[in-house]
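Please find below a note on the structure under review, set out as numbered points. The comments follow the order in which the features are best read.

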Amino acid sequence: LQEPEEVVGAFHTALETLGDKVLPKDAPSEHQLCSQVLSGVSLFLIGMNTCYMGVETQIGMGYAKKGQNLPEWTFTVDLSFTILFGLELLARMYVEKRAFL
């Protein structure tokens, strides 16, 4: 059984030996991958929020015709989207750092 340091060292040696065969030079960096994932998350959240706003508007019209307020759960869903968008923004700021500005 090899020591963990030996295994890690052998792995690094193998990566250096294989070089471009394992990771081509044009492979996306970790930063680029994180940015792409965040873009996907943003797109998903925007799509879900857009669908929800349509549903909320449809439901709201029925309540408005009756002179009633929207149900409480609509506030909870709105707040959830706000929190999720805020977390996505913080994650993007963390990943992109100065490039975000």
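1. Phe-75 is exposed, with a relative accessible area of 53%. The structure is a predicted model, and the values in this note should be read accordingly. Phe-75 belongs to helix 3, which covers residues 72–96.

2. Phe-75 is also one of the residues of a nonpolar surface patch. The other members are Leu-79, Ile-83, Leu-84, Leu-87, Leu-89, Leu-90, Met-93, Phe-100 and Leu-101. Together, the patch residues present about 1000 Å² of accessible area.

3. Asp-78 is likewise placed in helix 3. Is Asp-78 buried, exposed or partly exposed? Its relative accessibility is 30%, so Asp-78 counts as partly exposed; the cut-offs are under 20% for buried and over 50% for exposed.

4. The surroundings of Asp-78 include residues remote in sequence. Leaving aside residues up to four places away in sequence, Asp-78 touches Tyr-52 and Glu-56. The C-alpha atoms of Asp-78 and Met-53 are 9.0 Å apart, and 25 residues separate the two in sequence.

5. Tyr-52, a contact of Asp-78, takes part in an aromatic cluster with Phe-81 and Phe-85. The structure holds two aromatic pairs.

6. How many salt bridges does the structure hold? There are two. One joins the side chains of Arg-92 and Glu-88, with an N to O distance of 3.2 Å. In the other, Arg-92 meets Glu-96, and the closest N and O atoms are 3.2 Å apart. Glu-88, Arg-92 and Glu-96 are thereby linked in a network of salt bridges.

7. The spacing along the helix deserves a remark. Arg-92 and Glu-88 are separated by about one helical turn, because they are four residues apart in helix 3. The relation between Arg-92 and Glu-96 is described in the same terms: these residues are four apart in helix 3 and therefore separated by about one helical turn.

8. The burial of these charged residues should be noted as well. Arg-92 and Glu-88 are both buried, and both Arg-92 and Glu-96 are buried. For Glu-96 the relative accessible area is 17%, which means that Glu-96 falls under the 20% cut-off for a buried residue.

9. Glu-96 lies in helix 3 and has contacts beyond its salt bridge with Arg-92. Not counting residues up to four places away in sequence, Glu-96 touches His-31 and Ser-35.

10. Lys-97 lies in the segment after helix 3. Which value does phi of Lys-97 take? The angle is near 45 degrees, a positive value in a residue other than glycine. Most residues other than glycine have a negative phi. A check of the backbone at this position would concern the predicted model.

11. The side chain of Lys-97 is also of interest. Its charged end sits over the ring of Tyr-94, 4.2 Å from the ring centre. Lys-97 counts as exposed because its relative accessibility is 52%, whereas Glu-96 is buried at 17%.

12. In summary, the points above concern a nonpolar surface patch that includes Phe-75, a network of salt bridges linking Glu-88, Arg-92 and Glu-96, and a positive phi at Lys-97.

Conventions. Residues numbered from 1 in each chain as written. Predicted model: local features only at pLDDT ≥ 70, side-chain atom pairs only at ≥ 80, totals over all residues. Heavy atoms only, no water. Patch = residues over 30% accessible without salt bridge, like charges linked within 9 Å, V, L, I, M, F, W, Y side chains within 5 Å. Areas by Shrake-Rupley, 256 points an atom, 1.4 Å probe, with all protein chains shown as cover. Salt bridge = Lys/Arg side-chain N within 4 Å of Asp/Glu carboxyl O. Helix = DSSP H or I, 4+ residues; strand = E, 2+ residues; numbered from the N terminus. Buried < 20%, exposed > 50% of the residue type's maximum accessible area, 1.4 Å probe, protein only. Contact = heavy atoms within 4.5 Å. Phe/Tyr/Trp six-rings, centres within 6.5 Å; stacked < 30°, edge-to-face > 60°. Lys NZ or Arg CZ within 6 Å of the ring centre and 35° of its normal.
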